[in-house]
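I opened the model today and kept notes as I went. The entries follow in the order I looked things up.

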Amino acid sequence: MKSFKNRTAVITGAASGFGLETCRIAAREGMNIVMADVQADALERAAAEIRGLAAEVLPFRLDVSQAHEVEALAEATVKRFGTPHFIFNNAGVGAGGLIWEHSAHDWAWVLGVNVMGVAHGVRVFTPLMLAAEKADPQYEGHIVNTASMAGLLNTPNMGAYNVSKHAVVSLSETLYQDLALVSERVGASVLCPYFVPTGIHQSDRNRPAETLAPGAKPTRSQRIAQAMTGKAVGSGKVSAGDVAAKVFDALRERRFYIYSHPTALAAVQTRMEDVLLSRNPTDPFAGKPEIGAELRAALRAGGQD
Ligand SMILES: NC(=O)c1ccc[n+]([C@@H]2O[C@H](COP(=O)([O-])OP(=O)(O)OC[C@H]3O[C@@H](n4cnc5c(N)ncnc54)[C@H](O)[C@@H]3O)[C@@H](O)[C@H]2O)c1
(Lines give C-alpha, C1' and ligand atoms only; values in the text may rest on other atoms or scores of the structure.)
Protein backbone atom coordinates (compact mmCIF):
# COMPACT_ATOMS: atom_id res chain seq x y z
CA MET A 1 0.00 0.00 0.00
CA LYS A 2 1.37 3.37 -0.95
CA SER A 3 -0.80 5.60 1.20
CA PHE A 4 -2.67 5.21 4.46
CA LYS A 5 -4.28 8.61 5.05
CA ASN A 6 -8.09 8.48 5.29
CA ARG A 7 -7.99 4.76 4.57
CA THR A 8 -9.43 2.18 6.94
CA ALA A 9 -7.73 -0.46 9.07
CA VAL A 10 -9.51 -3.34 10.80
CA ILE A 11 -7.34 -4.73 13.59
CA THR A 12 -8.25 -7.75 15.73
CA GLY A 13 -6.60 -8.20 19.10
CA ALA A 14 -6.51 -4.39 19.11
CA ALA A 15 -6.67 -3.93 22.87
CA SER A 16 -3.14 -5.16 23.65
CA GLY A 17 0.30 -6.07 22.31
CA PHE A 18 0.90 -5.99 18.55
CA GLY A 19 -2.70 -5.01 17.82
CA LEU A 20 -2.62 -1.92 20.02
CA GLU A 21 0.82 -0.85 18.75
CA THR A 22 -0.44 -1.20 15.18
CA CYS A 23 -3.44 1.01 16.04
CA ARG A 24 -1.02 3.65 17.38
CA ILE A 25 0.88 3.72 14.08
CA ALA A 26 -2.33 3.61 12.02
CA ALA A 27 -3.60 6.64 13.96
CA ARG A 28 -0.39 8.56 13.33
CA GLU A 29 -0.73 7.70 9.62
CA GLY A 30 -4.23 9.26 9.58
CA MET A 31 -6.20 6.03 9.14
CA ASN A 32 -9.73 5.28 10.34
CA ILE A 33 -9.45 2.35 12.72
CA VAL A 34 -11.82 -0.45 13.61
CA MET A 35 -10.50 -1.86 16.88
CA ALA A 36 -11.79 -5.38 17.50
CA ASP A 37 -11.15 -7.41 20.63
CA VAL A 38 -12.80 -9.84 22.99
CA GLN A 39 -11.76 -8.05 26.21
CA ALA A 40 -14.28 -5.25 26.69
CA ASP A 41 -12.53 -3.22 29.43
CA ALA A 42 -9.13 -3.26 27.72
CA LEU A 43 -10.80 -2.41 24.40
CA GLU A 44 -12.56 0.58 25.92
CA ARG A 45 -9.29 1.93 27.37
CA ALA A 46 -7.37 1.30 24.14
CA ALA A 47 -10.07 2.94 21.99
CA ALA A 48 -10.06 6.04 24.22
CA GLU A 49 -6.28 6.29 23.82
CA ILE A 50 -6.39 5.95 20.04
CA ARG A 51 -9.24 8.48 19.76
CA GLY A 52 -6.97 10.82 21.72
CA LEU A 53 -4.56 10.64 18.76
CA ALA A 54 -7.28 12.29 16.64
CA ALA A 55 -8.18 9.10 14.76
CA GLU A 56 -11.71 8.03 13.83
CA VAL A 57 -12.23 4.87 15.86
CA LEU A 58 -14.90 2.18 15.87
CA PRO A 59 -14.40 -0.16 18.83
CA PHE A 60 -16.02 -3.56 18.26
CA ARG A 61 -16.21 -6.32 20.84
CA LEU A 62 -16.19 -9.81 19.36
CA ASP A 63 -14.83 -13.30 19.64
CA VAL A 64 -13.03 -13.91 16.34
CA SER A 65 -13.65 -17.65 16.57
CA GLN A 66 -17.38 -17.02 16.03
CA ALA A 67 -18.29 -16.82 12.33
CA HIS A 68 -21.32 -14.56 12.77
CA GLU A 69 -19.41 -12.13 15.00
CA VAL A 70 -16.74 -11.59 12.33
CA GLU A 71 -19.52 -11.15 9.77
CA ALA A 72 -21.05 -8.49 12.04
CA LEU A 73 -17.62 -6.82 12.29
CA ALA A 74 -17.47 -6.51 8.50
CA GLU A 75 -21.01 -5.10 8.34
CA ALA A 76 -20.28 -2.50 11.01
CA THR A 77 -17.00 -1.55 9.30
CA VAL A 78 -18.59 -1.03 5.89
CA LYS A 79 -21.49 0.90 7.41
CA ARG A 80 -19.17 3.30 9.24
CA PHE A 81 -16.17 3.65 6.90
CA GLY A 82 -16.87 1.76 3.64
CA THR A 83 -14.68 -1.13 2.46
CA PRO A 84 -11.52 -1.34 4.57
CA HIS A 85 -8.00 -1.31 3.11
CA PHE A 86 -5.85 -3.00 5.76
CA ILE A 87 -7.05 -6.08 7.60
CA PHE A 88 -4.88 -7.30 10.47
CA ASN A 89 -6.08 -10.75 11.55
CA ASN A 90 -3.98 -10.69 14.67
CA ALA A 91 -6.02 -11.84 17.70
CA GLY A 92 -4.55 -15.00 19.15
CA VAL A 93 -4.09 -17.02 22.31
CA GLY A 94 -1.24 -19.11 23.69
CA ALA A 95 -1.47 -22.59 25.21
CA GLY A 96 1.40 -25.03 25.71
CA GLY A 97 2.17 -28.37 27.31
CA LEU A 98 2.74 -31.89 26.03
CA ILE A 99 0.71 -32.37 22.87
CA TRP A 100 -1.34 -35.29 24.23
CA GLU A 101 -2.35 -33.43 27.39
CA HIS A 102 -4.66 -30.88 25.77
CA SER A 103 -8.32 -31.53 26.42
CA ALA A 104 -10.80 -31.43 23.54
CA HIS A 105 -11.83 -28.04 24.96
CA ASP A 106 -8.22 -26.77 24.78
CA TRP A 107 -7.95 -27.81 21.13
CA ALA A 108 -11.25 -26.17 20.26
CA TRP A 109 -10.30 -22.90 21.99
CA VAL A 110 -6.79 -22.56 20.52
CA LEU A 111 -7.70 -23.62 16.99
CA GLY A 112 -10.96 -21.66 17.19
CA VAL A 113 -9.25 -18.34 17.95
CA ASN A 114 -5.89 -18.74 16.20
CA VAL A 115 -7.00 -20.54 13.04
CA MET A 116 -10.73 -19.99 12.57
CA GLY A 117 -10.38 -16.34 13.67
CA VAL A 118 -7.99 -15.77 10.76
CA ALA A 119 -10.06 -17.91 8.38
CA HIS A 120 -13.19 -15.90 9.17
CA GLY A 121 -11.34 -12.62 8.66
CA VAL A 122 -10.10 -13.79 5.26
CA ARG A 123 -13.46 -15.29 4.29
CA VAL A 124 -15.44 -12.19 5.19
CA PHE A 125 -13.17 -9.33 4.11
CA THR A 126 -11.39 -10.59 0.96
CA PRO A 127 -14.50 -10.57 -1.30
CA LEU A 128 -15.30 -7.01 -0.18
CA MET A 129 -11.75 -5.92 -1.00
CA LEU A 130 -11.78 -7.59 -4.42
CA ALA A 131 -15.10 -5.92 -5.25
CA ALA A 132 -13.67 -2.54 -4.21
CA GLU A 133 -10.60 -3.14 -6.41
CA LYS A 134 -12.89 -3.76 -9.40
CA ALA A 135 -15.03 -0.71 -8.71
CA ASP A 136 -12.27 1.79 -7.89
CA PRO A 137 -8.96 2.06 -9.80
CA GLN A 138 -7.42 3.84 -6.79
CA TYR A 139 -8.30 1.08 -4.34
CA GLU A 140 -5.46 -0.82 -2.65
CA GLY A 141 -5.90 -3.49 0.01
CA HIS A 142 -3.70 -5.70 2.15
CA ILE A 143 -4.37 -8.51 4.62
CA VAL A 144 -1.82 -9.36 7.30
CA ASN A 145 -2.30 -12.53 9.35
CA THR A 146 -0.40 -13.05 12.59
CA ALA A 147 1.24 -16.46 12.80
CA SER A 148 4.47 -16.91 14.77
CA MET A 149 7.93 -18.48 14.51
CA ALA A 150 5.93 -21.36 16.04
CA GLY A 151 4.38 -21.62 12.58
CA LEU A 152 7.78 -22.41 11.05
CA LEU A 153 9.32 -24.47 13.87
CA ASN A 154 8.05 -27.16 16.22
CA THR A 155 9.59 -26.41 19.59
CA PRO A 156 8.50 -29.09 22.09
CA ASN A 157 5.98 -28.55 24.89
CA MET A 158 4.25 -25.79 22.89
CA GLY A 159 1.22 -27.99 22.24
CA ALA A 160 -1.64 -26.86 20.02
CA TYR A 161 -0.08 -23.42 19.62
CA ASN A 162 2.48 -24.81 17.12
CA VAL A 163 -0.28 -26.58 15.20
CA SER A 164 -2.42 -23.46 15.03
CA LYS A 165 0.40 -21.23 13.83
CA HIS A 166 1.54 -23.68 11.13
CA ALA A 167 -2.06 -23.53 9.91
CA VAL A 168 -1.91 -19.72 9.78
CA VAL A 169 1.30 -19.80 7.73
CA SER A 170 -0.33 -22.25 5.30
CA LEU A 171 -3.55 -20.22 5.14
CA SER A 172 -1.57 -17.04 4.46
CA GLU A 173 0.70 -18.52 1.77
CA THR A 174 -2.40 -19.95 0.09
CA LEU A 175 -4.13 -16.58 0.32
CA TYR A 176 -1.08 -14.90 -1.26
CA GLN A 177 -1.06 -17.36 -4.15
CA ASP A 178 -4.83 -17.20 -4.65
CA LEU A 179 -4.84 -13.40 -4.66
CA ALA A 180 -2.07 -13.42 -7.27
CA LEU A 181 -4.43 -15.36 -9.54
CA VAL A 182 -7.20 -12.79 -9.48
CA SER A 183 -5.92 -9.45 -8.18
CA GLU A 184 -3.26 -6.78 -8.75
CA ARG A 185 -3.90 -4.48 -5.82
CA VAL A 186 -4.98 -6.69 -2.93
CA GLY A 187 -1.99 -8.30 -1.22
CA ALA A 188 -1.24 -10.51 1.76
CA SER A 189 1.48 -10.97 4.38
CA VAL A 190 2.15 -13.22 7.31
CA LEU A 191 3.66 -11.93 10.55
CA CYS A 192 5.96 -14.42 12.30
CA PRO A 193 7.18 -12.93 15.57
CA TYR A 194 9.52 -14.64 18.00
CA PHE A 195 9.27 -13.87 21.75
CA VAL A 196 8.14 -10.28 22.30
CA PRO A 197 6.83 -8.77 25.56
CA THR A 198 3.01 -8.56 25.30
CA GLY A 199 0.09 -10.14 27.17
CA ILE A 200 0.25 -13.41 25.18
CA HIS A 201 1.46 -15.54 28.13
CA GLN A 202 -1.67 -14.45 30.05
CA SER A 203 -4.11 -15.53 27.34
CA ASP A 204 -6.25 -17.36 29.89
CA ARG A 205 -7.56 -13.96 30.98
CA ASN A 206 -9.87 -14.03 27.97
CA ARG A 207 -10.74 -17.69 27.90
CA PRO A 208 -14.53 -18.14 27.83
CA ALA A 209 -15.83 -20.39 30.61
CA GLU A 210 -17.58 -22.67 28.10
CA THR A 211 -14.19 -23.58 26.56
CA LEU A 212 -12.97 -25.02 29.89
CA ALA A 213 -13.80 -28.59 30.83
CA PRO A 214 -15.60 -28.51 34.23
CA GLY A 215 -13.02 -28.73 37.04
CA ALA A 216 -10.09 -28.75 34.59
CA LYS A 217 -6.71 -27.83 36.05
CA PRO A 218 -3.49 -27.29 34.09
CA THR A 219 -1.20 -30.34 34.01
CA ARG A 220 2.44 -30.22 35.08
CA SER A 221 3.64 -29.78 31.48
CA GLN A 222 1.13 -26.98 30.94
CA ARG A 223 2.31 -25.16 34.06
CA ILE A 224 5.92 -25.57 32.93
CA ALA A 225 5.05 -24.26 29.45
CA GLN A 226 3.28 -21.28 30.99
CA ALA A 227 6.29 -20.42 33.19
CA MET A 228 8.85 -20.87 30.38
CA THR A 229 6.80 -18.86 27.88
CA GLY A 230 6.27 -16.11 30.44
CA LYS A 231 10.05 -15.94 30.98
CA ALA A 232 10.88 -16.00 27.25
CA VAL A 233 8.24 -13.41 26.35
CA GLY A 234 9.14 -11.17 29.30
CA SER A 235 12.83 -11.11 28.41
CA GLY A 236 12.28 -10.36 24.70
CA LYS A 237 14.43 -7.43 23.52
CA VAL A 238 12.35 -6.46 20.47
CA SER A 239 9.28 -4.45 21.47
CA ALA A 240 5.70 -4.81 20.23
CA GLY A 241 6.08 -1.29 18.80
CA ASP A 242 9.09 -2.44 16.74
CA VAL A 243 7.00 -5.32 15.37
CA ALA A 244 4.10 -3.00 14.48
CA ALA A 245 6.56 -0.75 12.61
CA LYS A 246 7.73 -3.79 10.63
CA VAL A 247 4.12 -4.54 9.70
CA PHE A 248 3.78 -1.06 8.18
CA ASP A 249 7.13 -1.44 6.37
CA ALA A 250 5.84 -4.69 4.86
CA LEU A 251 2.59 -2.98 3.77
CA ARG A 252 4.59 -0.28 1.99
CA GLU A 253 6.91 -2.82 0.34
CA ARG A 254 4.22 -5.47 -0.30
CA ARG A 255 6.51 -7.94 1.45
CA PHE A 256 4.99 -11.29 2.41
CA TYR A 257 7.09 -12.63 5.30
CA ILE A 258 7.43 -10.33 8.31
CA TYR A 259 9.94 -11.42 10.98
CA SER A 260 10.65 -9.82 14.33
CA HIS A 261 13.91 -11.75 14.84
CA PRO A 262 15.48 -12.67 11.48
CA THR A 263 18.35 -14.44 13.29
CA ALA A 264 15.86 -17.06 14.52
CA LEU A 265 15.55 -18.21 10.89
CA ALA A 266 18.68 -20.35 11.32
CA ALA A 267 16.49 -22.82 13.21
CA VAL A 268 13.95 -22.76 10.38
CA GLN A 269 16.73 -23.57 7.93
CA THR A 270 17.76 -26.56 10.07
CA ARG A 271 14.17 -27.77 10.15
CA MET A 272 13.81 -27.40 6.37
CA GLU A 273 17.05 -29.35 5.88
CA ASP A 274 15.70 -32.09 8.17
CA VAL A 275 12.66 -32.29 5.91
CA LEU A 276 14.63 -32.24 2.65
CA LEU A 277 17.30 -34.67 3.81
CA SER A 278 14.73 -36.95 5.40
CA ARG A 279 16.69 -36.53 8.63
CA ASN A 280 14.96 -37.02 11.99
CA PRO A 281 14.01 -33.68 13.62
CA THR A 282 17.10 -31.94 15.08
CA ASP A 283 17.18 -31.33 18.85
CA PRO A 284 15.89 -27.73 19.10
CA PHE A 285 18.00 -27.22 22.21
CA ALA A 286 21.29 -28.32 20.59
CA GLY A 287 22.57 -24.72 20.77
CA LYS A 288 21.35 -24.18 24.35
CA PRO A 289 21.51 -27.64 25.97
CA GLU A 290 20.91 -26.23 29.47
CA ILE A 291 17.36 -25.21 28.48
CA GLY A 292 16.60 -28.70 27.12
CA ALA A 293 18.08 -30.27 30.26
CA GLU A 294 15.98 -28.00 32.50
CA LEU A 295 12.80 -28.84 30.59
CA ARG A 296 13.46 -32.61 30.65
CA ALA A 297 14.26 -32.52 34.37
CA ALA A 298 11.14 -30.50 35.17
CA LEU A 299 8.88 -32.84 33.18
CA ARG A 300 10.39 -35.98 34.69
CA ALA A 301 10.53 -34.75 38.30
CA GLY A 302 8.38 -36.71 40.75
CA GLY A 303 5.89 -35.13 43.13
CA GLN A 304 2.33 -34.01 42.85
CA ASP A 305 0.85 -33.08 39.51
N1 LIG B 1 4.15 -11.89 21.89
C2 LIG B 1 4.79 -12.88 21.31
O3 LIG B 1 5.87 -13.28 21.73
C4 LIG B 1 4.18 -13.53 20.09
C5 LIG B 1 5.01 -14.34 19.30
C6 LIG B 1 4.47 -14.92 18.16
C7 LIG B 1 3.16 -14.70 17.81
N8 LIG B 1 2.36 -13.92 18.60
C9 LIG B 1 0.97 -13.71 18.16
O10 LIG B 1 0.69 -12.33 18.12
C11 LIG B 1 -0.73 -12.13 18.17
C12 LIG B 1 -1.06 -10.99 19.09
O13 LIG B 1 -0.74 -11.38 20.41
P14 LIG B 1 0.09 -10.45 21.41
O15 LIG B 1 1.43 -11.07 21.55
O16 LIG B 1 -0.03 -9.03 21.03
O17 LIG B 1 -0.70 -10.82 22.76
P18 LIG B 1 -1.74 -9.97 23.63
O19 LIG B 1 -2.35 -10.97 24.56
O20 LIG B 1 -1.07 -8.78 24.20
O21 LIG B 1 -2.83 -9.50 22.56
C22 LIG B 1 -3.77 -10.38 22.01
C23 LIG B 1 -5.12 -9.70 21.96
O24 LIG B 1 -6.05 -10.61 21.35
C25 LIG B 1 -7.27 -10.53 22.07
N26 LIG B 1 -8.03 -11.78 21.91
C27 LIG B 1 -7.81 -12.98 22.49
N28 LIG B 1 -8.76 -13.85 22.15
C29 LIG B 1 -9.61 -13.21 21.30
C30 LIG B 1 -10.77 -13.59 20.61
N31 LIG B 1 -11.28 -14.81 20.74
N32 LIG B 1 -11.40 -12.66 19.84
C33 LIG B 1 -10.91 -11.41 19.73
N34 LIG B 1 -9.80 -10.98 20.38
C35 LIG B 1 -9.15 -11.88 21.15
C36 LIG B 1 -6.84 -10.30 23.51
O37 LIG B 1 -7.91 -9.76 24.29
C38 LIG B 1 -5.68 -9.35 23.33
O39 LIG B 1 -6.09 -8.00 23.38
C40 LIG B 1 -1.31 -13.49 18.56
O41 LIG B 1 -1.86 -14.11 17.42
C42 LIG B 1 -0.10 -14.26 19.06
O43 LIG B 1 -0.26 -15.65 18.91
C44 LIG B 1 2.84 -13.34 19.73
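Leaving aside its neighbours within four places in sequence, which residues is Thr126 in contact with? I am working from a predicted model. I found Gly121, Ile143, Leu175 and Leu179 as the contacts of Thr126.

**Entry: Thr126**

I placed Thr126 first. Thr126 sits in helix H4. Next I checked its cover. Thr126 has 8% relative accessibility, so I log Thr126 as buried; the cut-off for buried is under 20%. Then I looked for a polar partner. The Thr126 side chain comes to 2.6 Å from the backbone oxygen of Val122.

**Entry: the largest nonpolar core**

I moved on to the nonpolar cores. The largest one holds 42 residues. I noted the members with the most contacts inside it: Leu62, Leu73, Phe125, Met129, Met149, Leu152 and Cys192. Which elements give two or more residues to this core? I listed strand E2 (32-37), strand E3 (57-61), helix H3 (67-81), helix H4 (104-135), H5 and strand E6 (186-192). H4 gives the largest share, 9 residues.

Apart from this core I found another, of 36 residues. Ala9, Ala15, Phe18 and Ala27 are among its members.

I then took Leu152 from the largest core and traced its contacts. Not counting residues up to four places away in sequence, Leu152 touches His166, Val169, Cys192, Tyr259, Val268 and Arg271. Of these, I had already logged Cys192 as one of the core residues with the most contacts.

**Entry: the ligand**

Last, I turned to the ligand. I counted 31 residues around it. Which of them come nearest? They are Ser16, Asp37, Tyr161, Thr198 and Asn206. By class, I logged the shell as 16 nonpolar, 11 polar and 4 charged residues. I also checked the helices. Helix H1 (17-28) and helix H5 (159-182) each supply at least two residues of this shell. H5 was already on my list of elements that give two or more residues to the largest core.

I went through polar partners for oxygen atoms of the ligand. A polar side-chain atom of Asn206 is 2.8 Å from a ligand oxygen. For Val196 I noted a backbone N or O atom 2.9 Å from an oxygen of the ligand. For Arg205 I noted an N or O atom of the side chain, 3.0 Å from a ligand oxygen.

Is the ligand mostly covered or mostly open? On its own, the ligand has 830 Å² of accessible area, and the protein covers 97% of that.

Terms used
Residues are numbered from 1 along each chain as its sequence is written. This is a predicted model: local features need pLDDT of at least 70, side-chain atom pairs count only at pLDDT 80 or more; totals for chains, interfaces and linings use all residues. Side-chain values use heavy atoms; hydrogens and water are left out. A residue is near a molecule or strand if one of its heavy atoms lies within 4 Å of it. A polar contact is a pair of N or O atoms within 3.5 Å; within protein, one must be able to donate a hydrogen and the other to accept it, and residues adjacent in sequence count only if both atoms are side-chain atoms. Accessible areas come from the Shrake-Rupley method with a 1.4 Å probe; for residues, only the protein chains shown count as cover. Helices (H or I, at least four residues) and strands (E, at least two) are DSSP runs, numbered from the N terminus. Ala, Val, Leu, Ile, Met, Phe, Trp, Tyr, Cys and Pro count as nonpolar, Asp, Glu, Lys and Arg as charged, and the others, Gly among them, as polar. A nonpolar core is a set of buried Ala, Val, Leu, Ile, Met, Phe, Trp, Tyr and Cys residues joined through side-chain atoms within 4.5 Å. Buried means under 20% relative accessible area, exposed over 50%, partly exposed in between (1.4 Å probe, protein chains only). Contact means heavy atoms within 4.5 Å.
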